[in-house]
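Student: I am new to this structure and would like to know how its labels are earned. Could we go through some of them together?

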Amino acid sequence: MYQIKTDKQITALKDGDKPYFADIYGKPRLFIKVSPTKKGASKVWVYRYAKDGKQPKITIGAYPTVSMAQAFTKWQELNELIAQGIDPKAHYDKIAKEQERQDKNKFSLICMAWAKTKGWKDNSTIRRHRDLQIFIDRFGDMPLHQITHTDIVELLKDIEQKYRQRNNPELPSDKAERCRGFLVDMFAWACVNGYCMDNPTAHITTAKKSHILQTVEYGNRKALVKPLEFGRLMRAIFDDDRMDYHTRHNMLLLAYTGVRNGDIRRMKWADLDLDNGKWELTPIKGQSNSNIRMIEKMTVPLSRQVIAILQAQHRLTGQKAHVFAKDTKDGIISDGATNTALKRLGFQNKHSSHGFRSSAKTLLMGELDYNDMITEMMLGHVIKGDNPYMRADLYAKRCELMQTWADYIDDLAMGKDTTHYKGVYREKPSDILQALINMMGKDGILKMLQAP
């Protein structure tokens with residue numbers, strides 16, 4: 001067959017019974033491959049060269065999508081590779097594999113792949129994924145190996161500047177430190193799993209020591225811990241007729257249960273057993289302080305007052321999954337609803353949503369003589385020692401505590417005499433010791449006593 005010189009000649013090529021190659025004039029190794037199809041001849045640019053007694057082929061593209069001029073340019077590039085002793089097919093395979101690796105190493109993909117390994121609980125996933133979205137908004141599809149130490153530091157500084165303490169906007173919140181921990185963990189995981197060779201967070205594993213971020217210190221949350229003051233607060237909540245039912249019920253549950261606001265806001269009807277007065281709870285938040293940690297699961301006894309509140313709330317949201325379902329971004333009552341209500345009631349800088357836990361702990365121990373162990377159980381704290389307490393331990397006594405506490409603060413709000421509550425929970429020292437032994441074992445007691 002004659003050699004092809006023009007587009008007209010390419011167009012005139014007819015398909016045969018089987019594929020064939022048409023030579024291109026003045027362009028050795030370059031061909032038009034003509035193949036029969038139902039719609040006529042298929043014409044594709046092909047580069048063929050000798051390699052170890054074989055003739056590897058590189059497909060350049062279909063004609064006329066790839067023009068003659070474009071095919072000639074690619075032909076020149078391939079010839080230059082061969083002149084340098086480079087196998088074109090191996091060369092492009094290597095480039096393709098590198099591109100595939102980079103596509104898989106996009107920050108957004110690696111970030112979410114790492115997140116799946118964390119086993120976060122459903123009720124904490126949303127909050128943590130918001131932090132991850134901050135990273136993705138910054139780095140997007142950027143390959144991991146392109147992200148530098150400076151990039152990480154600049155991101156953390158920006159987070160530190162943007163997110164401030166709610167009660168003290170002049171100081172940064174701990175969000176930047178939390179994000180630092182996520183990034184350190186994510187890049188360490190990426191290195192171990194071969195997604196990157198160098199870890200840009202290697203020198204910021206301890207932000208405090210490296211002076212990258214400010215040291216964040218939160219003071220104690222504002223709380224009323226004297227009986228008369230707390231009684232006035234409860235009376236103000238009961239008497240206020242401007243507060244919507246969601247906020248009122250949210251606030252009263254904070255007072256009656258001592259549970260964190262984040263857990264109450266995310267309370268689900270499926271976790272409640274109102275007939276038996278129980279709430280099966282998986283706390284969403286522990287404490288950064290190593291001496292105070294939240295247990296993984298707990299059963300919260302519900303007082304008669306709490307059951308009545310939940311029955312009233314059921315008439316509002318019983319058809320929804322969440323007890324405090326609302327038309328907000330998260331689909332539940334906002335985090336600041338109760339603090340806003342406390343501010344309007346005149347308790348700004350005196351009492352906070354989190355302060356109800358301090359009030360309960362202080363008054364239960366100081367006024368009702370409940371001991372430290374059972375009040376820590378009420379708050380969901382892990383008891384110090386090797387073994388965390390089992391949630392069934394002292395459950396009957398915690399039921400008694402919750403009802404007594406609810407009755408006590410009701411009486412405080414009504415201005416009634418509460419002296420009869422004093423000493424309501426006086427146990428013999430031997431009973432308390434035996435409860436501790438049953439819960440922690442003798443070895444656990446000894447280690448707790450020997451701990452600094």
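Student: What makes K27 count as lying over the face of W75?

Tutor: In this predicted model, K27 is 5.1 Å from the ring centre of W75. The distance limit is within 6 Å, and the charge must also be within 35 degrees of the ring normal. K27 is listed as lying over the face of W75, so it meets the rule.

Student: And what puts R48 over the ring of F21?

Tutor: The charged end of R48 is 4.1 Å from the centre of the F21 ring, and the limit is again within 6 Å.

Student: Why is the pair of F107 and F139 called edge-to-face?

Tutor: Nice one! Pairing needs centres within 6.5 Å, and here they are 5.2 Å apart. The planes meet at 65 degrees; over 60 counts as edge-to-face, so the name fits. By this rule there are 12 aromatic pairs in the count.

Student: What does the pair of F107 and F139 tie together?

Tutor: F107 belongs to helix α4 (residues 107-116) and F139 to helix α5 (residues 122-139), so the pair links parts 32 residues apart in sequence. Both F107 and F139 are buried.

Student: How do you know that the span of helix α9 agrees with what is expected?

Tutor: Helix α9 (residues 227-239) has 13 residues. The expected span is 1.5 Å times one less than that number, so it should be 18 Å, and the end C-alpha atoms are 18 Å apart.

Student: Which residues of α9 are buried, and what covers them?

Tutor: The buried ones are F230, G231, L233, M234, A236 and I237. Their cover includes α10 (245-257), α13 (337-344), α14 (355-366) and α16 (395-414). F230 also joins F356, W405, Y408 and Y421 in one aromatic cluster.

How values were computed: Residues are numbered from 1 along each chain as its sequence is written. This is a predicted model: local features need pLDDT of at least 70, side-chain atom pairs count only at pLDDT 80 or more; totals for chains, interfaces and linings use all residues. Side-chain values use heavy atoms; hydrogens and water are left out. Rings of Phe, Tyr and Trp (its six-membered ring) pair if their centres lie within 6.5 Å; planes under 30 degrees apart count as stacked, over 60 as edge-to-face and the rest as tilted. Helices (H or I, at least four residues) and strands (E, at least two) are DSSP runs, numbered from the N terminus. Buried means under 20% relative accessible area, exposed over 50%, partly exposed in between (1.4 Å probe, protein chains only). Contact means heavy atoms within 4.5 Å.
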